[in-house]
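Welcome, and please open your viewer. We will walk through one structure stop by stop, with something to select at each.

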Amino acid sequence: MRLTSFASLAALASLALLPSVSSAQCATTTGNIVANCSFESPTLPSQPGNYPYYPNAPFTGWTANPTDNVERWVGPYEGISSKDGSAHIELNVNAPTSLWQHLSTVTGATYDLSFFGLHRPGGGNSFSLIEVFINDTFLFTTGQFGNTLSSPSKTWFNFNATFVAAGTQTKLEFRGKNNPGPTSYGNHLDDVSVVRRAVPEPGTLALLATGFVGLLGVARRRGDAR
Ligand SMILES: [Ca+2]
Ligand SMILES: [Ca+2]
């Protein structure tokens, strides 16, 4: 219950952020607790010029629902290069798909999630979404984003959300979801990071406490002056 309210607040806060393009690369992000954050492992043979995607290929550190259709793409294909490294995911939305990982977390700690998505339209100017679930509870949706068939920009967008860990294991899950209307192909996913938010040093806490006491003193003096 507590996590849900925190998660909802975090999701609301995150929705206020517009997607942006940045150059973050998860493998070099200090404190990133996501394994295989760039979907590079295991190495798959490159098939340049053919169809370099691998339905239901293994993902080190990740679990895909065996009945779902999650693909790894290796190398540039259809004008789309990985955001980071040489491989990335397509969460097909012809049928709902999901991919998850259990993270080692600290109970009560706050974590910042960052990931990159690229919408792949199909069947018209359609859209699809990436949704994020924490411990099977909805946290965040990308909403409609990205490009259309008429103006394919092939752009990666950065999305951010925040959650509070309810325990020492936290399930991080991405789900591909089609919008009502013309069918989209899916959304690409790459460059995922989850970093624990810095905890204030004891010295900082002491300073904050001193400031609080100081404010109390000001308030008291104001009260005395009345
Ligand atoms: Ca990658
Ligand atoms: Ca596909």
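The tour begins with the whole chain, then moves through two sheets, a core and a few backbone details.

**Stop 1: the whole chain**

Keep in mind throughout that this is a predicted model. Show the chain as a cartoon and colour it by secondary structure: there are two helices and eleven strands. If you follow the sequence from its start, the order is α-β-β-β-β-β-β-β-β-β-β-β-α. Of the 226 residues in the chain, 33% are buried. How do contacts span the sequence? Taking contacts between residues at least 6 apart in sequence, 78% of them join residues at least 24 apart.

**Stop 2: the six-stranded sheet**

Now select E1, E3, E4, E11, E6 and E9, which lie in that order in an open sheet with antiparallel pairing. Which strands stand at the edges? They are E1 and E9; each has a single partner strand, so one side of each has no neighbour in the sheet. Turn the view to look across the strands: on average, neighbours in this sheet are turned by 30 degrees against each other, direction ignored.

Start at the E1 end. E1 pairs with E3 in the antiparallel sense over three bridges. Select Tyr 53 and you will find it opposite Trp 73 in E3. On to the next pair: E3 and E4 also run antiparallel, joined by five bridges. Here, Val 70 stands opposite Leu 91 in E4.

Cross to the E9 end and select E6 with E9. These two strands run antiparallel and are joined by eight bridges. Gly 117 faces a partner here too, standing opposite Phe 157 in E9.

**Stop 3: a closer look at E3**

Select strand E3 (70-74) and show its side chains. In a regular strand, side chains alternate between the two faces of the sheet. In E3, Val 70, Arg 72 and Val 74 point one way, while Glu 71 and Trp 73 point the other way. Is this strand enclosed or open to its surroundings? Five of its five residues are buried, so E3 is largely enclosed by the rest of the structure.

**Stop 4: the five-stranded sheet**

Hide the first sheet and select E2, E5, E10, E7 and E8. In that order, these strands make an open sheet with antiparallel pairing. The edges belong to strand E2 (63-64) and E8; each has a single partner strand, so one side of each is left without a neighbour in the sheet.

Zoom in on E7 and E10, an antiparallel pair with seven bridges. Pick out Phe 133, which stands opposite Glu 173 in E10.

**Stop 5: the largest nonpolar core**

Nonpolar side chains tend to be buried together in soluble globular proteins. The largest nonpolar core in this model has 37 residues, and those touching the most other members are Leu 91, Leu 99, Leu 113, Ala 161 and Phe 163. Which strands each supply at least two residues of this core? They are E3, E4, E6, E7, E8, E9, E10 and E11.

Centre the view on Leu 99. Leaving aside residues up to four places away in sequence, Leu 99 touches Trp 62, Ala 64, Val 70, Ile 89, Leu 91 and Phe 174. You have already met Val 70 and Leu 91 as opposite residues in E3 and E4.

**Stop 6: backbone details**

Select Ser 41 and Pro 42: the peptide bond from Ser 41 to Pro 42 is cis, with omega near -5 degrees. Pro 42 sits in the loop between helix H1 (2-15) and strand E1 (53-55).

Asn 36 lies in the loop between H1 and E1 as well. Its phi is near 50 degrees, a positive value in a residue other than glycine. Asn 36 counts as partly exposed, with 17 C-beta neighbours inside 10 Å.

Next, go to Asp 191 in strand E11. Phi of Asp 191 is near 60 degrees, again positive in a residue other than glycine. Is Asp 191 buried or exposed? Asp 191 is buried, with 26 other C-beta atoms within 10 Å.

**Last stop: Asn 158**

Finish in strand E9, where you will find Asn 158. Asn 158 is partly exposed, having 18 C-beta neighbours inside 10 Å. Draw a distance from its C-alpha atom to that of Leu 118: the two atoms are separated by 9.1 Å, although the residues are 40 apart along the chain.

Technical notes. Residues numbered from 1 in each chain as written. Chains lettered and ligands numbered in written order. Predicted model: local features only at pLDDT ≥ 70, side-chain atom pairs only at ≥ 80, totals over all residues. Core = buried A, V, L, I, M, F, W, Y, C linked by C-beta atoms within 7 Å. Buried ≥ 20, exposed ≤ 12 C-beta atoms within 10 Å, placed from the backbone. Helix = DSSP H or I, 4+ residues; strand = E, 2+ residues; numbered from the N terminus. Contact = placed C-beta atoms within 7 Å. Pairing = 2+ DSSP bridges. Axes fitted to C-alpha atoms, helices over the stretch in contact; angles between N-to-C directions.
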